[in-house]
Amino acid sequence: MDFLLQIYPALLRGAFVTMLLTLTSGAAALAVGFAVGLARLIPSRWVSVPLTIYVEVFRNTSSLVQIFYFFFVLPLVGIRFEAFTTGCAVLALNFGAYLSEVVRSSILSVDKGQYHAAIALNMPVLLRYRRIIIPQAIPVMLPAFGNYALEMLKATSLVSLITITELTFSGAQLVQFYGHPTEIYLSIFVIYLILAIPFIVLNRNLEKRAGGKWKARVPTT
Amino acid sequence: MGIAVIPKGGHVLDKFESPASELPAVEFVDVSKSFGALRVIDNLSLRIRRSERVSLIGPSGSGKTTILRLLMTLEKPSEGTIKVFGGALSAGGRGLRESEVAPLRAKIGMVFQQFNLFPHMTALANVMEAPVQVLRMPKPDAKALAESLLERVGLKEKGASYPSELSGGQQQRVAIARALAMKPQIMLFDEITSALDPEVIGEVLDVVHSLAHETKMAMLVVTHEMGFARDIADRVIFMEKGRIVEEGNPAKLFASPDNIRTKAFLNAVKR
Ligand SMILES: Nc1ncnc2c1ncn2[C@@H]1O[C@H](COP(=O)(O)OP(=O)(O)OP(=O)(O)O)[C@@H](O)[C@H]1O
Ligand SMILES: [Mg+2]
């Protein structure tokens, strides 16, 4: 017990960095996901081909290798960022690729009749998306977003390998210094669970909301 | 196939030439539409006068919906020219620039078989949406307009309901109010009662009949309800395989059609 009191400030600091990483990378990933997901709907090869390549590269290679690549290889060609920035950027690009697919497929899932109605009311294309299509696509996206938020929390432990002292790395350092791996890793385990609680609660709510009263009662013919 | 006689070196008279005030509401000139190898509209020409009510009937797959969709710019013709009040929506099988098309499209409204109300907005918001967002009408004005239109379709007290809380007949009446809010001069109705339970079909058709009496909009009505097609129209067009087979006065066409294919179709739907 004394020992836990001794190490808990370090673990708390680690937990704080983990949360900060999750929220920063998450917000950036959301921005990337929306931008890429929407841009991929533009019917031009000049736009869609590069974006498709980006999405496939980031989805189909190891996240760990992506992190190493950005942290160790880019500086060799003179591109150098702080570890935290690098970690956030890679997580954002990685999750952005997945989220862009969620955004794209949710938008494509909106009934074609909604486009027809919007065109028949003479709505220009941006207005059509902003007022009609995207508001209906968002409830479809939310459950997936919630899941990816949890995944993001877990994925932040990867950036411990580029010297960011988040929760996992602070734990590893404590073990090196004091020993007691059982107590320390158990504490880390519990802290991750606690950090996950808000996301779990959020997910429950999002899943309940998805669809809901917005679901059109369209007769089947 | 008609043979055009063009005087050598002479002036080619456009057979549709007329002064601006008499320009037809809708004009299809030699319009074709193909989906892949399937020719859905086959070299079709059609004129609809201002304030004229036209019913379009024909077997399933004959291209009725496609004609409405071409006019609403939801499809582009493969060949031919479509004009609205003399302005070209598409020419030579190509769509035109949005800046040219939008003012013409503003004159057309459409009501769909599946209603296509915006499910995330109340009935009132559905009707207000386009006047506010597209016409930039001040919100209080748009609200007053939407309320009066909902009243007109008999849904005065349903403004706060979401589409999912309304019956099919009520949803379709909101959809009519929504289209009217843009003050179209041409209204397109595509089988607006086909998705409805029999007991609510009447309430929707009554609304269309009252619009026909109280407004001067041109109407192009696609329907499988032959009684409605006859009663609403100044002219009935029977089409098959993307072509007009016969057209004429509703009483005449329904009572004694000239064409045997029209006769066969009318006999088949009567049963
Ligand atoms: N987007 C499309 N792609 C391919 N084929 C299409 C498309 N839209 C329509 N068609 C085909 O064009 C033909 C005419 O369709 P259309 O919907 O205009 O017929 P319709 O007269 O309205 O029939 P119905 O009475 O069944 O509504 C049909 O054979 C249909 O399958
Ligand atoms: Mg049809």
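User: Which residues have the most contacts inside the largest nonpolar core, and how many residues does that core have?

Analyst: In this predicted model, the largest nonpolar core has 71 residues, and those with the most contacts inside it are F28(B), I67(B), L71(B), I186(B), L188(B) and L220(B). A nonpolar core here is a set of buried Ala, Val, Leu, Ile, Met, Phe, Trp, Tyr and Cys residues joined through side-chain atoms within 4.5 Å, where buried means under 20% relative accessible area, exposed over 50%, and partly exposed in between (1.4 Å probe, protein chains only).

User: What is L220(B) in contact with?

Analyst: Leaving aside neighbours within four places in sequence, L220(B) is in contact with I48(B), V54(B), L56(B), I67(B), L68(B), L71(B), M187(B), L188(B) and F189(B), contact meaning heavy atoms within 4.5 Å. Apart from the core of L220(B) lies another one, of 53 residues, among them V132(B), A177(B), F238(B) and F265(B).

User: How should I read the numbering and the cut-offs?

Analyst: Residues are numbered from 1 along each chain as its sequence is written, while chains are lettered from A and ligands numbered from 1 in the order in which they are written. Because this is a predicted model, local features need pLDDT of at least 70 and side-chain atom pairs count only at pLDDT 80 or more, whereas totals for chains, interfaces and linings use all residues, and side-chain values use heavy atoms, with hydrogens and water left out.

User: New topic: where is N43(B), and is N43(B) buried or exposed?

Analyst: N43(B) sits in strand 2 of chain B, residues 38-48, and with a relative accessible area of 37% N43(B) is partly exposed. Its phi is near 50°, a positive value in a residue other than glycine. Strands (E, at least two residues) and helices (H or I, at least four) are DSSP runs, numbered from the N terminus.

User: And what about K241(B), where is that one?

Analyst: K241(B) is in the loop between strand 10 (235-240) and strand 11 (243-248) of chain B; its phi is also near 50°, positive although the residue is not glycine, and at 67% relative accessibility K241(B) counts as exposed.

User: Over to chain A: what does T163(A) touch?

Analyst: Not counting residues up to four places away in sequence, T163(A) touches F71(A), A83(A) and F169(A). T163(A) lies in the loop between helix 6 and helix 7 (167-178) of chain A, and its C-alpha is 7.0 Å from that of A83(A), although the two are 80 residues apart in sequence.
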